[in-house]
Amino acid sequence: MKYAIISDVHANPQALLRVLADAESCGAEQVICAGDVVGYGHDPAGAIRILRQRCIPTVMGNHDRAVANYVGTGYMIGCAQDGVARHRAELGEDDLAWLRSLPYVYLGDGFEVAHASFCSPMSMRYVHDRLDARDSLFNGRERRQFIGHTHLEALFRVGFVTDPHYPDSEQLEPHDFKMEEGWQYLVNVGSVGYPRVKPYSSYVIYDSTTGEVQFRRVEFDFDGYKSTLRAKSIPVPPWMEEMGKERGV
């Protein structure tokens with residue numbers, strides 16, 4: 001079966017619709033969201049509505065949990081805390097209840113999806129390097145894991161050897177590839193609605209039958225998105241301003 005695995009929509013329904021259209025054009029039969037539907041952006045209700053109307057399985061992200069339960073904001077940067085407070089005030093009880101109902105892990109056909117590391121998914125630990133990836137893979141249920149959280153595409157693999165405490169493990173440049181026997185894989189699918197490096201949405205197409213993974217990058221109206229943030233008096237983060245300079249905006 002061919003899956004589209006997305007993450008970190010962050011209240012950007014315009015980017016979400018672009019990604020869903022691209023996934024459909026790629027033949028995706030099922031979309032799964034790795035969390036952080038809300039937070040940061042301008043339209044949390046719109047993002048939630050799309051996922052709910054299309055019955056897209058979604059796991060709990062740290063911003064989802066913070067908005068739904070108003071917990072876990074102490075470590076967040078200022079604009080993240082502002083987004084949590086704003087979205088909690090904007091959303092109705094039905095949408096808040098939906099956020100509270102989200103599971104921390106989605107179990108698929110030989111793979112699993114969470115927002116962050118599978119080393120205690122509720123802790124929302126970041127996966128920054130191959131050692132973090134190894135811990136996640138060793139604590140999960142499947143040998144193929146998909147996550148978000150960092151907003152950065154990433155690819156890690158861990159090999160099976162005689163001593164499980166010292167396996168071969170490495171971080172690779174994100175690229176289209178086919179999963180091979182003898183390896184465990186952790187893939188970070190990037191961010192749909194709140195990019196950190198380049199002004200596009202990122203997600204992956206995963207074929208559970210062939211083991212093929214394709215990293216997808218989809219353009220959306222990035223300049224219009226920043227204008228919308230400003231119109232609602234939502235701060236545009238410095239890294240997004242830098243992306244604009246690269247594009248001559």
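1. A word on terms before we start: a residue is called buried here when its relative accessible area is under 20%. On that reading, helix H6 has Asp-132, Ala-133, Arg-134, Ser-136 and Leu-137 as its buried residues. Please keep in mind throughout that this is a predicted model.

2. Where do the buried residues of H6 pack? They lie against S5, S6 and S9. Taken as a whole, helix H6 (residues 130–139) is in touch with S5, strand S6 (153–159), S7 and S9 as it packs on the sheet, and its direction makes about 110° with that of S9. Have a look at the start of the helix too: Asp-129 caps the N-terminal end of H6, with a side-chain oxygen 3.1 Å from the backbone nitrogen of Leu-131.

3. Now for the sheet under H6. Six strands make up this open sheet, ordered S3-S4-S5-S9-S6-S7, and the pairing is mixed. Strand S3 (105–107) and strand S7 (169–172) are the edge strands, each pairing on one side only. On average, and ignoring direction, neighbouring strands of this sheet are turned by 15° against each other. Within the sheet, strand S5 (residues 144–147) runs parallel to strand S9 (residues 183–189), and four bridges join the two. For Ile-147, the bridge partner in S9 is Asn-188.

4. I would also pause at Ser-169, which sits in strand S7. Is this residue buried or exposed? Its relative accessibility is 13%, so Ser-169 counts as buried. Leaving aside residues up to four places away in sequence, Ser-169 touches Arg-130, Arg-157 and Val-158. With Arg-130 there is a side-chain to side-chain polar contact of 2.9 Å. The C-alpha atom of Ser-169 is separated by 7.4 Å from that of Phe-156, a residue 13 places away along the chain.

5. There is another open sheet to follow, with five strands in the order S2-S1-S10-S11-S8 and mixed pairing. Strand S2 (30–33) and strand S8 (177–178) are at its edges with a single partner strand each, so one side of each has no neighbour in the sheet. Strand S1 (residues 2–6) pairs with S2 in the parallel sense, over four bridges. One of the positions to check is Ile-6, whose bridge partner in S2 is Cys-33. Helix H1 packs on this sheet, touching S1, S2, strand S10 (201–207) and strand S11 (212–218), and its direction makes about 30° with that of S10.

6. H1 has a helical partner as well. Helix H1 (residues 13–25) packs with helix H2 (residues 44–53) at an angle of about 30°, their axes being 8 Å apart. Because angles under 35 degrees count as roughly parallel, H1 and H2 are roughly parallel to each other. Pro-13, Leu-16, Leu-17 and Leu-20 make the contact from the H1 side, while Gly-46, Ala-47, Ile-50 and Leu-51 make it from the H2 side. By class, the contact of H1 with H2 has seven nonpolar residues, one polar residue and no charged residues.

7. Finally, a look at H3. How many of the residues of helix H3 (residues 62–69) are buried? Seven of its eight are, and the helix is mostly covered. The buried residues are Asn-62, His-63, Asp-64, Arg-65, Ala-66, Val-67 and Ala-68. Helix H4 (78–90) and helix H5 (93–100) are included in what covers them. Just after H3, Tyr-70 takes a positive phi of about 55°.

Technical notes:
Residues numbered from 1 in each chain as written. Predicted model: local features only at pLDDT ≥ 70, side-chain atom pairs only at ≥ 80, totals over all residues. Heavy atoms only, no water. Pairing = 2+ DSSP bridges. Axes fitted to C-alpha atoms, helices over the stretch in contact; angles between N-to-C directions. Contact = heavy atoms within 4.5 Å. Buried < 20%, exposed > 50% of the residue type's maximum accessible area, 1.4 Å probe, protein only. Polar contact = N/O pair within 3.5 Å; in protein donor to acceptor, adjacent residues only side chain to side chain. Parallel < 35°, antiparallel > 145°, perpendicular 65-115°, else oblique. Nonpolar A, V, L, I, M, F, W, Y, C, P; charged D, E, K, R; others polar.
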